[in-house]
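Biologist: I have a model open and want to learn how to read it. Can we go through sheets, overall form and empty space in turn?

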Amino acid sequence: MKTIYTLILFSFLFFFPELKAQEIYFPDAGEWEERSASDFNLNLSEAVEFAKANEYSESRDLRQAILKGFQQEPYHELLGPVKRRGGPAGIILKDGYIVAKWGDTKRVDMTFSVTKSFLSTTALIAMDKNLITDFNDVVIDYVWYDTFEGKHNSQITWKNLLQQNSDWSGELWGGFDWADRPPQDKTIDEWRSRELHEPGTNFKYNDVRVNVLAYSLLNVFRKPLPKVLKENIMDPINASQSWRWFGYDNSWTVIDGLKMQSVSGGGHSGGGMFINTEDMARFGLLFMNNGKWEDIQLISPNLIKEAIQPSKPNPNYGYMWWLNSKGDRNMPEIDNEIFYAAGFGGNFIVIDQKRNLVIVTRWLEPSKFEEFMNLIYKEI
């Protein structure tokens with residue numbers, strides 16, 4: 001009887017091959033196979049033309065765009081490298097194959113807060129290597145410098161930092177936590193004397209606190225985070241050698257007698273991840289496939305699952321990944337299970353594990369992102 005069932009199953013899969021488990025294509029270094037979107041019953045031409053026609057409206061001189069974008073912040077200045085950007089560019093992957101692309105996909109550009117998703121990835125690596133035992137541990141148990149001293153800061157956990165709900169209070173590399181995106185209806189004295197929220201109860205997008213996470217991870221690994229990322233992620237996924245991850249001119253510390261730079265989690269004050277579109281797509285493909293590249297598990301799938309769980313104060317935010325869960329940032333026409341990295345100027349990496357899709361778009365007017373996504377998903 002078992003033999004008969006096996007023969008029936010084999011025959012069924014032979015005549016209906018679309019029911020087989022879908023194989024994912026992983027590109028070799030310097031190569032990437034392209035296929036027509038029509039091979040997958042997709043029509044992406046309207047979305048591509050939309051992305052090309054709706055370029056980010058601010059100056060391509062990012063020095064100007066940054067200073068204008070954050071002009072309401074007291075003491076804001078550029079502390080790290082800044083690079084003039086290119087035009088709109090993007091890649092869409094289906095099952096790992098390029099089914100659409102536009103612009104110069106090999107050009108290296110800033111990614112701003114897309115960097116945060118690379119940063120949180122190094123935290124997942126630290127967990128996989130047992131350098132961090134539990135993300136619910138308080139960080140002061142790992143970083144004993146005065147960064148986490150005091151009644152409030154000593155309660156902050158790794159999870160609080162990853163979910164941006166720590167309300168860490170202090171100064172790092174000359175930046176004050178209260179001066180980052182402060183409420184415009186208050187005065188500078190009110191910013192300085194604000195009441196602190198208990199860690200884990202209040203979401204606040206804040207680059208100073210993100211940089212505290214980067215500094216803390218540097219102390220855990222005891223080597224620069226770009227090196228950690230290169231060895232554990234970027235080299236194994238066959239990324240190019242052109243990407244760079246910068247900190248600030250003053251974000252240097254000494255560990256084990258060696259001077260090391262603590263990187264920034266975005267380009268708010270310059271620095272952050274400088275990378276081309278193709279390498280962003282490779283990174284997205286790794287997460288689409290639950291941390292596995294070909295036959296090598298680079299990140300534990302249970303950690304990726306944890307990283308994309310909604311946080312209590314913000315259902316649209318996980319471990320530095322934006323989520324399309326029900327909440328203020330939900331896109332109702334798009335699958336609730338997608339997650340994405342997002343950065344200033346319209347930089348996005350979208351992951352759809354259910355459909356084996358990765359969508360990378362750069363320098364898209366941010367207010368047009370949902371409309372762009374709707375054009376893609378109406379074809380699915």
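Modeller: Start with the six-stranded sheet, and keep in mind that this is a predicted model. The sheet is open, and its strands run in the order β2-β1-β14-β13-β12-β11. Pairing is antiparallel.

Biologist: Which strands are the edge strands?

Modeller: Look for strands that pair on one side only. Here they are β2, residues 97-102, and β11, residues 322-323.

Biologist: How many bridges join β1 and β14?

Modeller: Six, in the antiparallel sense. β1 covers residues 89-94 and β14 covers residues 357-362. For the register, take one pair: Lys 94 stands opposite Leu 357 in β14.

Biologist: Which helix packs on this sheet?

Modeller: That is α9, residues 277-288. α9 touches β1, β12, β13 and β14. The direction of α9 makes about 150° with that of β14.

Biologist: How should I think about side chains along a strand?

Modeller: In a regular strand, side chains alternate between the two faces of the sheet. Keep that in mind for the four-stranded sheet too. That sheet is also open, with the order β3-β8-β6-β7 and antiparallel pairing.

Biologist: Why is one side of β3 and of β7 left without a neighbour in the sheet?

Modeller: β3 (109-110) and β7 (258-263) stand at the edges, and each has a single partner strand, so one side of each has no neighbour in the sheet.

Biologist: What do β6 and β7 form together?

Modeller: A hairpin, with two residues between the strands. Check the backbone in the turn: Asp 256 has a positive phi of about 55°. The two strands pair over five antiparallel bridges. Val 254 stands opposite Lys 259 in β7.

Biologist: Which helix lies across β6 and β7?

Modeller: α7 does, running at about 145° to β7.

Biologist: Now zoom out. How many helices and strands are there in the protein?

Modeller: Eleven helices and 14 strands. For compactness, compare the radius of gyration with the globule rule. The protein has 22 Å, close to the 21 Å that the rule gives for 380 residues, so it is as compact as a globular protein of that length. The C-alpha atoms fill a box of roughly 75 × 50 × 40 Å along the principal axes.

Biologist: How do I find empty space?

Modeller: Rolling a probe the size of a water molecule over the atoms shows where empty space is left. Take pockets first. The largest pocket holds about 440 Å³ of space.

Biologist: Which residues lie nearest the centre of the largest pocket?

Modeller: Arg 329, Ala 342, Gly 343, Phe 348 and Pro 366, out of a lining of 25 residues. By class, that lining has twelve nonpolar, eight polar and five charged residues.

Biologist: Which element gives the most to that lining?

Modeller: β12, with three residues. β12 spans 339-343, and both β12 and α11 (369-377) supply at least two lining residues.

Biologist: How much space lies in the second largest pocket?

Modeller: About 330 Å³. Its lining has 20 residues, and the closest to the centre are Gly 174, Gly 175, Phe 176, Val 208 and Ser 269. The classes are nine nonpolar, seven polar and four charged.

Biologist: Which elements each supply at least two residues of that lining?

Modeller: β5 (175-176), α7 (207-221) and β6 (244-255). Of the elements, α7 gives the most, with three residues. We met α7 already, lying across β6 and β7.

Biologist: How many cavities of 30 Å³ or more does a search of the whole structure find?

Modeller: One. The largest cavity has a volume of about 30 Å³. Residues in its lining include Ser 113, Lys 116, Tyr 205, Trp 322 and Ala 342. By class, the lining has six nonpolar, two polar and one charged residue.

Biologist: Which elements give two or more residues to the lining of that cavity?

Modeller: α4, residues 115-128, and β12. Note that Ala 342 is in this lining, and Ala 342 also lies among the residues nearest the centre of the largest pocket.

Key:
Residues numbered from 1 in each chain as written. Predicted model: local features only at pLDDT ≥ 70, side-chain atom pairs only at ≥ 80, totals over all residues. Heavy atoms only, no water. 1 Å grid on protein atoms, 1.4 Å probe; cavity = no way out; pocket = protein on both sides within 12 Å on 5 of 7 lines; lining within 4 Å. Points joined across faces, edges and corners; volume = space filled by probe spheres on them. Nonpolar A, V, L, I, M, F, W, Y, C, P; charged D, E, K, R; others polar. Pairing = 2+ DSSP bridges. Contact = heavy atoms within 4.5 Å. Axes fitted to C-alpha atoms, helices over the stretch in contact; angles between N-to-C directions. Rg over C-alpha atoms; globule rule 2.2 N^0.38 Å.
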